[in-house]
Structures are given as structure tokens and as C-alpha cells.
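Thanks, everyone. I have one chain to show today, and I'll go straight to a turn in it. Please look at the screen.

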Amino acid sequence: GGSGLNGLIRSLTYPSGSVSVALPPSSNLTVDVPGLATLTLGARQLNASGLDTLTNLTVLDPLGSYGFRNALGVAGLNVTAGVYIDVQPSPGSSLKGTGLREDFALGLGLLDATLGLDV
């Protein structure tokens, strides 16, 4: 149920207000540290919940003679990225072993937050 933009979001997200997106390997960043190792930073998944908690959506509202106000308010938004770092020692490096891969999650939670941009 529900109407308006939050209702539309619930309808599009079957009705959880959440989305999950698998990210392609092409989004990885690889950095070579000469003589030491190759580092790869990657993101596997991006999850967002609370997309249906909009409290304010203002787009191009006139502000003075030449400006515009834009704002996005949410009651509760959570964004989590599943990321990893992979370290592969270079041949002859002082780093020993077969390499290291660490998986972890980075999260951002907003509660009763508004982001504004006046231009």
C-alpha cells in the first residue's frame, strides 16, 4: 500500500524499499607498488535499504533571482558495500607468502537526515 513516491518505490522494490546490485569486476581498481606487490581494491555488492523513507524531495525550487534549491530527506537510509582488498606479492618482494585477500563491508546509515544543495 501507500501512495506517492514512497509507494512507487515500494512497488518497484517488491515491496521492501531495498535493492541489491552485484558490481562487475570492471569496477575494481588495481595498483602496482613496484618491487612490493599488486593491490586490487574491489566492490562485489551494493545494498541499499530504506529507499521508501523519503521525507523531502525538492528539485530545482527557485531560490532568489538566479538560484535553485535541491534537497533530499530520508527518515532512515542504509547503504552497505561488500568490498575486498587483494594483495599479491611481486616476484622478489620482501612480502612472503601466496597473497592475502580480505573481504569486509563498509556501511553508511542516515537517520532523519536531509542533504541540500543550493545552486
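Start at the hairpin of S4 and S5. It has 3 residues between the strands. Gly-64 sits in this hairpin with a positive phi near 70°. Keep in mind that this is a predicted model.

Now the two strands themselves. S4 covers residues 54–63, and its pairing with S5 is antiparallel, over 7 bridges. One pair to find on the screen: Pro-62 has Phe-68 in S5 as its bridge partner.

Stay on S5. This strand runs through residues 67–89. What else does S5 pair with? Strand S3, residues 37–49, is joined to S5 by 12 bridges, and the two run antiparallel. Here Ala-37 is bridged to Pro-89 in S5. Then there is S6, residues 100–118. S6 is also antiparallel to S5, with 18 bridges between the two. Look for Asn-70, which stands opposite Leu-117 in S6.

A general reminder while we are on strands. Side chains in a regular strand alternate between the two faces of the sheet.

Let me step back to the whole chain. The protein chain holds 1 helix and 6 strands. Reading from the N terminus, the order is α-β-β-β-β-β-β. The radius of gyration is 21 Å, while the globule rule gives 14 Å for 119 residues, so the chain is more spread out than a compact globule. The C-alpha trace spans about 60 × 40 × 25 Å along its principal axes.

How much of the chain is buried? Of the 119 residues, 23% count as such. Accessible surface comes to about 7,900 Å², and 63% of that belongs to carbon and sulfur atoms. On contacts: take those between residues at least 6 apart in sequence, and 61% join residues at least 24 apart. On charge: there are 5 positive and 8 negative side chains, with the centres of the two sets 5 Å apart.

One last stop, towards the N terminus. Thr-13 lies in the loop between helix H1, 4–12, and strand S1, 19–22. Is Thr-13 buried or exposed? Its relative accessibility is 10%, so Thr-13 counts as buried; the cut-off is under 20%. Which residues does Thr-13 touch? Setting aside neighbours within four places in sequence, Thr-13 is in contact with Ser-18 and Val-19. Ser-49 is 36 residues away from Thr-13 along the chain, yet their C-alpha atoms are separated by 9.9 Å.

That's my tour. Over to you.

How values were computed
Residues numbered from 1 in each chain as written. Predicted model: local features only at pLDDT ≥ 70, side-chain atom pairs only at ≥ 80, totals over all residues. Heavy atoms only, no water. Helix = DSSP H or I, 4+ residues; strand = E, 2+ residues; numbered from the N terminus. Rg over C-alpha atoms; globule rule 2.2 N^0.38 Å. Buried < 20%, exposed > 50% of the residue type's maximum accessible area, 1.4 Å probe, protein only. Contact = heavy atoms within 4.5 Å. Areas by Shrake-Rupley, 256 points an atom, 1.4 Å probe, with all protein chains shown as cover. Lys, Arg positive; Asp, Glu negative; His and termini not counted. Charge placed at Lys NZ, Arg CZ, Asp CG, Glu CD. Pairing = 2+ DSSP bridges.
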